[in-house]
Amino acid sequence: MGSLSVNLCGIELSNPVIPASGTFGYGYEYAELYDINELGTFSFKGTTKDARFGNPTPRIAECTAGMINAVGLQNPGVEKVISEELPKLAKCFHKPVMANVSGFSVEDYAYTCEKLDKEEQVGWLEVNVSCPNVHGGGMSFGIQPEAAAEVTRAVKAVTKKPVIIKLSPNVTDIVSIAKACEDAGADGISLINTMLGMRINLRTRKPIIANTMGGFSGPAIFPVALRMVYQVSQAVKVPVIGMGGVSSAEDVIEMMLAGATAVEVGAANLVNPFICRDIIRDLPQTMAKYRINNLNEIIGGAHNG
């Protein structure tokens, strides 16, 4: 059997498959279905400094080859994540976990990351810069290189663990933002977060989602995600985690050829809770089909074509 293991920012993963934040809770819910230690790791639910109820309902709308959601970072806040969620997770997951962090100011990000950095089970900090800067006119931190770099520097100043910056695709030039994060000290880049979409109810003639717009995810966005992973991995020297519409072992290999060291699976978890387990189990035969002996050897392989 070919080698599935990869090294992500100095930490060895048994395989490159990672359930994406917001689609896998804090892990223990899925542990009731199968042994989640089969996963490379997973990125837990987006965590903020303070508890958040999230957006009003309805929050989800279906669409062709995907879905739109506007959950609004509902979570119990970092203190309760540390005191309640992580102890429950430790009973069923025995590998380093990826902590996903969101914030509405630079200080929020730094505070939450500093707290989670001290937790033994946290291996990486995945910092979502797609959140609105409430002190900067509501614009997302992730749409300007300077703002993304400021968050990166603030988090790196208070943490020792690898910091991976998660980027939004809703920008003009994602490469310049990725490079700014790398220059500010990021240990890795993950992309893409959801795109922006909406649906309208033809009977009421109003947006289906109470928030009007939401994050568009699912198989329809895979080509966009693949293109951005390809561009960013060519421009930076740090590892890249690819995500966006991934739902099969073939998709994982395609993402790795584009330049991803590891691959996150998001919306597909909501359709099939066993999808990550199934992808991992399918990888060996898919590797054999394409004559791949070691996944490390194909990372960025499409750049040589």
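# Briefing on a predicted protein model

Asn128 lies in strand 7, which covers residues 122-128. The structure is a predicted model. The protein contains 9 helices and 15 strands, and 56% of its 305 residues count as buried. The points below treat Asn128, the overall fold, the nonpolar core and the salt bridges in turn.

**Asn128 and its surroundings**

- Asn128 has a relative accessible area of 9%, and it is therefore classed as buried, the limit being under 20%.
- Apart from neighbours within four places in sequence, the residues in contact with Asn128 are Asn100, Val101, Ser102, Tyr109, Lys166 and Asn193.
- The side chain of Asn128 also reaches the backbone nitrogen of Ser130, at 2.9 Å.
- Between Asn128 and Ala148 the C-alpha to C-alpha distance is 9.7 Å, with a separation of 20 residues in sequence.

**Overall dimensions and surface**

- The radius of gyration of the protein is 18 Å, which agrees with the value near 19 Å that a compact globule of 305 residues would have.
- The C-alpha trace spans about 50 × 50 × 40 Å along its principal axes.
- Among contacts with a separation of 6 or more, 71% are made by residues 24 or more positions apart.
- About 13,200 Å² of the protein is exposed, and carbon and sulfur atoms supply 52% of that area.

**Nonpolar core**

- The largest nonpolar core comprises 99 residues.
- Leu8, Leu167, Ile189 and Leu191 are the residues with the most contacts inside this core.
- When residues up to four places away in sequence are not counted, Ile189 touches Ile164, Ile165, Leu167, Ala178, Cys181, Val232, Val238, Pro239, Val240 and Ile241.
- Leu167 thus appears both in the list of residues with the most contacts inside the core and among the residues that Ile189 touches.

**Salt bridges**

- Side chains of opposite charge can pair when their charged atoms come close.
- A search of the whole structure yields 5 salt bridges, and the pairs described here include Glu38 with Arg281, Lys118 with Glu114 and Arg277 with Asp278.
- In the pair formed by Glu38 and Arg281, the closest N and O atoms are 2.8 Å apart.
- This pair links distant parts of the chain, 243 residues apart: Glu38 belongs to the loop between helix 1 (28-31) and strand 4 (60-63), whereas Arg281 belongs to helix 9 (residues 275-289).
- Glu38 is partly exposed, at 24% relative accessibility, and Arg281 is likewise partly exposed, with a relative accessible area of 47%.
- Lys118 and Glu114 form a salt bridge whose closest N and O atoms are 3.9 Å apart, a value that meets the criterion of within 4 Å.
- Lys118 is exposed, its relative accessible area being 60%, while Glu114 counts as partly exposed at 34% relative accessibility.
- Arg277 pairs with Asp278, the closest N and O atoms lying 3.0 Å apart.
- Arg277 counts as buried at 18% relative accessibility, whereas Asp278 is partly exposed, with a relative accessible area of 25%.

Technical notes: Residues are numbered from 1 along each chain as its sequence is written. This is a predicted model: local features need pLDDT of at least 70, side-chain atom pairs count only at pLDDT 80 or more; totals for chains, interfaces and linings use all residues. Side-chain values use heavy atoms; hydrogens and water are left out. A salt bridge is a side-chain nitrogen of Lys or Arg within 4 Å of a carboxyl oxygen of Asp or Glu. Helices (H or I, at least four residues) and strands (E, at least two) are DSSP runs, numbered from the N terminus. Buried means under 20% relative accessible area, exposed over 50%, partly exposed in between (1.4 Å probe, protein chains only). A nonpolar core is a set of buried Ala, Val, Leu, Ile, Met, Phe, Trp, Tyr and Cys residues joined through side-chain atoms within 4.5 Å. Contact means heavy atoms within 4.5 Å. The radius of gyration is taken over C-alpha atoms; the globule rule is 2.2 Å times the number of residues to the power 0.38. Accessible areas come from the Shrake-Rupley method with a 1.4 Å probe; for residues, only the protein chains shown count as cover. A polar contact is a pair of N or O atoms within 3.5 Å; within protein, one must be able to donate a hydrogen and the other to accept it, and residues adjacent in sequence count only if both atoms are side-chain atoms.
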